[in-house]
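Welcome! Please take a moment to look over the sequence and the structure, and then let us walk through them together.

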Amino acid sequence: FRVAVFASHTGTNLQALHQASLGPDAAFHLSLVLSNNRGSGALAYAHTHAIPAAHMSGATHPDPDQLDTAVRVLLNAHHIDLIVTAGYMKKIGPKTLKSFDGRIINIHPSLLPRHGGRGMYGNTVHEAVLASGDHITGPSIHIVTAEYDEGPVIAQKELAVRPDDTVESLSARVLSAEHILLPAVVQDLALRAIGRHGSGGVARQRP
Ligand code: GRF
């Protein structure tokens with residue numbers, strides 16, 4: 001079960017997924033990293049660990065339609081079964097979306113549908129959580145559709161928001177939870193795809 005990760009920045013979720021893929025019981029292989037940012041930590045990590053990687057963006061393909069085609073061709077060349085977007089700051093083109101319909105997942109740092117949508121990423125999300133007075137937060141994983149953060153949620157991890165939380169403390173705690181939730185969900189999808197039963201237990205982990 002071959003997984004591609006799309007990432008624009010640091011890529012700590014990519015690292016967590018890669019480390020999990022090296023485990024003895026891993027049912028998936030991290031087969032490709034794609035970034036729209038030539039200088040991203042994600043690409044640097046891929047190079048260091050000899051994971052096939054590519055930079056594709058408006059800089060390499062000024063025509064969005066050609067970019068979409070090039071991404072799809074690359075994914076097919078690597079026989080990718082699942083795309084994971086983790087901190088990927090670009091919309092996936094319509095052709096790629098169509099040929100990977102239902103096989104693209106995204107990780108978002110709040111309990112969707114709370115605090116999702118256009119412009120809601122990074123610390124903005126945690127600021128909104130604190131401002132809203134929500135008592136719980138945590139990462140969501142959802143199927144990617146044409147609209148930002150709107151596809152069906154397939155897994156969430158609920159965490160308590162503490163009275164003394166800051167954007168920094170909250171983002172660190174949510175990110176740590178992402179690093180556990182994402183590999184668990186990918187493992188589950190891989191096991192289901194290859195016909196063995198997944199854990200069935202990742203969908204709603206309680207604190
Ligand atoms: C994560 O918080 C993810 O939920 C969001 O972007 C961040 C990516 O972090 N979509 P990293 O690049 O994986 O470290």
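The paragraphs below go from the strands to the ligand and then to one annotated residue.

Before we begin, keep in mind that this is a predicted model. A good place to start is strand β1, which covers residues 2-6. Of its 5 residues, 4 are buried, so β1 is largely enclosed by the rest of the structure. Which strands does β1 pair with? One partner is β2, joined to β1 in the parallel sense over 5 bridges. You can find this pairing by looking for V3, whose bridge partner in β2 is L30. To get from β1 to β2, the chain passes through α1, and this β-α-β crossover is right-handed. Another partner is strand β4, residues 82-86, which pairs with β1 in the parallel sense over 4 bridges. Here A4 stands opposite I83 of β4.

Now follow the chain into β2, residues 29-35. Is this strand enclosed or open? With 5 of its 7 residues buried, β2 is largely enclosed by the rest of the structure. Strand β3, residues 53-55, pairs with β2 in the parallel sense over 3 bridges. Within this pairing, L34 has A54 in β3 as its bridge partner. The route from β2 to β3 leads through helix α2, residues 41-48, and this β-α-β crossover is right-handed. As you look along these strands, it helps to remember a general point: in a regular strand, side chains alternate between the two faces of the sheet.

Next, turn to the ligand. Which residues are closest to it? They are T10, T12, N13, G87 and P109, out of 15 residues that surround the ligand. Some elements contribute repeatedly: α1 (12-21), β5 and α6 (167-193) each supply at least two residues of this shell. So far as chemical character goes, the shell divides into 7 nonpolar, 7 polar and 1 charged residue.

Finally, let us visit the annotated residue. UniProt, in an unreviewed entry, lists H108 under "active site". This histidine is found in strand β5, residues 104-108, and β5 is one of the elements that supply the ligand shell. Is H108 buried or exposed? A residue counts as buried when 20 or more other C-beta atoms lie within 10 Å of its own. H108 has 26 within that distance, so it is buried. Leaving aside residues up to four places away in sequence, H108 touches G116, P139, S140, H142 and D149.

Notes: Residues numbered from 1 in each chain as written. Predicted model: local features only at pLDDT ≥ 70, side-chain atom pairs only at ≥ 80, totals over all residues. UniProt positions renumbered as here; feature names shortened; annotations may be inferred. Buried ≥ 20, exposed ≤ 12 C-beta atoms within 10 Å, placed from the backbone. Contact = placed C-beta atoms within 7 Å. Near = placed C-beta within 6 Å. Nonpolar A, V, L, I, M, F, W, Y, C, P; charged D, E, K, R; others polar. Pairing = 2+ DSSP bridges. Right-handed = clockwise from strand over helix to strand, strands pointing away.
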